[in-house]
Amino acid sequence: MFDALKVKNECVAWIRDFFEKNGKGCPAVLGVSGGKDSSVVAALCVEALGADRVVGVLMPCGEQFDISCSYDLVNHLGIKHYVVNIKDALAGVLSAFPEDLAPTEQAKTNLPPRLRMAVVYAVSQSLGGRVANTCNLSEDYVGYSTRYGDSVGDFSPLSRLTVAEVKEIGHLLGLPAHLVDKVPIDGLCGKTDEDNLGFTYAELDRYIRTGVLEDEAKRARIDHLHKTNLFKLELMPCFEPNLD
């Protein structure tokens, strides 16, 4: 049985310990999407460090239809926030491509989250902060993140917690229900996570924790995604010269 209170308290203590060792007195900085993951990470950091040491970065690309959720979070927690619109940066990079090199759809899909993470790090470095990763175990397990985009950070409170567990902690922290239970949308192509994945997070979470999933096709898809995306969770391979 998942003990949300125990895990929440341990995570808060872990964040405090991280900052004692890796950035005493400095702020935690994170990208705020208004979804459950960034909401829960921000709330955990507030409990661990205080609202005055947590900074949210809102990064719409032009007009963002659900940006009100991001404002709801920063206002609810009372944290400082900055808004950096990446529309012009994205257009600038794409327009600078040589005429004989057309970016693929996948490249165009992954460029915004990589630009956003560059912005978060620029804000963090300007404040002397540390960047919070907001990925969870369920997403990481099937590679549902952009390498060098939302997959990175200086510390990660949720990478060992499933979607269901993150939601439990979010409700325990007293976050607004519409943020914790918001239907996750990838923010890239407008589809829900579950539309893109081909299975529900409930099915994925159960499979991760118990190894049980009756639907053979979905189980095979999860196994395939997990195997082919493991490289995202590993350090970059390095050549080791034989210097003997």
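Q: Where does Tyr82 sit?
A: Tyr82 lies in strand E3, which covers residues 80-83. This is a predicted model, so read the values as computed from it.

Q: Is Tyr82 buried, partly exposed or exposed?
A: Tyr82 is partly exposed, because its relative accessible area is 29%, and that class runs from 20% to 50%.

Q: What is Tyr82 in contact with, beyond its neighbours within four places in sequence?
A: Tyr82 is in contact with Val55, Gly56, Val57, Leu58, Val123 and Leu127.

Q: And how far is Tyr82 from Val32, C-alpha to C-alpha?
A: The two are 9.9 Å apart in space, with their positions 50 residues apart in sequence.

Q: Stepping back, how many helices and strands does the protein chain have?
A: There are 11 helices and 4 strands.

Q: What about the radius of gyration of the protein chain?
A: The value is 19 Å. A compact globule with 244 residues would have a radius of gyration near 18 Å, so the chain agrees with that expectation.

Q: What does the C-alpha trace span along its principal axes?
A: The spans are about 55 × 50 × 45 Å.

Q: How much of the protein chain is buried?
A: Buried residues account for 44% of the 244 residues.

Q: And the accessible surface?
A: The accessible surface of the protein chain is about 13000 Å², and carbon and sulfur atoms hold 55% of that.

Q: Of the contacts between residues at least 6 apart in sequence, what share joins residues at least 24 apart?
A: That share is 73% in the protein chain.

Q: How many positive and negative side chains are there?
A: The protein chain has 25 positive and 34 negative side chains. The centres of the two sets lie 2 Å apart.

Q: On to a lysine. Where is Lys8, and is it buried or exposed?
A: Lys8 is in helix H1, residues 4-22. Lys8 has a relative accessible area of 8%, so it counts as buried, the cut-off being under 20%.

Q: Which side chain makes a polar contact with the side chain of Lys8?
A: The partner is Glu47, at 2.8 Å.

Q: What else does Lys8 touch, not counting residues up to four places away in sequence?
A: Besides Glu47, Lys8 touches Leu44, Ile169, Leu172 and Leu173.

Q: Now the loop between H6 and H7. Where do those helices run?
A: Helix H6 covers 137-141 and helix H7 covers 163-172. Phe155 is in the loop between them, as are Tyr148 and Val142.

Q: Take Phe155: buried or exposed?
A: Phe155 is buried, at 4% relative accessibility.

Q: What does Phe155 touch, not counting residues up to four places away?
A: Phe155 touches Trp14, Ile15, Phe18, Phe19, Ala28 and Cys45, and also Arg130, Val131, Ala132 and Asn133.

Q: How far apart are the C-alpha atoms of Phe155 and Gln125?
A: They are separated by 15 Å, and the two residues are 30 apart along the chain.

Q: Val142 next: how accessible is that one, and what is Val142 in contact with?
A: Val142 has 3% relative accessibility and counts as buried. Leaving aside neighbours within four places in sequence, Val142 is in contact with Leu197, Phe199, Leu204, Ile222, Leu225, His226 and Asn229.

Q: How far is Val142 from Leu158, C-alpha to C-alpha?
A: Val142 and Leu158 are 15 Å apart in space and 16 residues apart in sequence.

Q: What is the phi of Tyr148?
A: Tyr148 has a positive phi of about 65°, although it is not a glycine. Most residues other than glycine have a negative phi.

Q: Is Tyr148 buried, partly exposed or exposed, and what does Tyr148 touch?
A: Tyr148 counts as partly exposed at 47% relative accessibility. Not counting residues up to four places away in sequence, Tyr148 touches Arg114 and Met117.

Q: And what separates the C-alpha atoms of Tyr148 and Lys6?
A: The separation is 31 Å, for residues 142 apart along the chain.

Note on methods:
Residues are numbered from 1 along each chain as its sequence is written. This is a predicted model: local features need pLDDT of at least 70, side-chain atom pairs count only at pLDDT 80 or more; totals for chains, interfaces and linings use all residues. Side-chain values use heavy atoms; hydrogens and water are left out. Helices (H or I, at least four residues) and strands (E, at least two) are DSSP runs, numbered from the N terminus. The radius of gyration is taken over C-alpha atoms; the globule rule is 2.2 Å times the number of residues to the power 0.38. Buried means under 20% relative accessible area, exposed over 50%, partly exposed in between (1.4 Å probe, protein chains only). Contact means heavy atoms within 4.5 Å. Accessible areas come from the Shrake-Rupley method with a 1.4 Å probe; for residues, only the protein chains shown count as cover. Lys and Arg count as positive and Asp and Glu as negative; His and the chain ends are not counted. The place of a charge is taken as NZ of Lys, CZ of Arg, CG of Asp or CD of Glu. A polar contact is a pair of N or O atoms within 3.5 Å; within protein, one must be able to donate a hydrogen and the other to accept it, and residues adjacent in sequence count only if both atoms are side-chain atoms.
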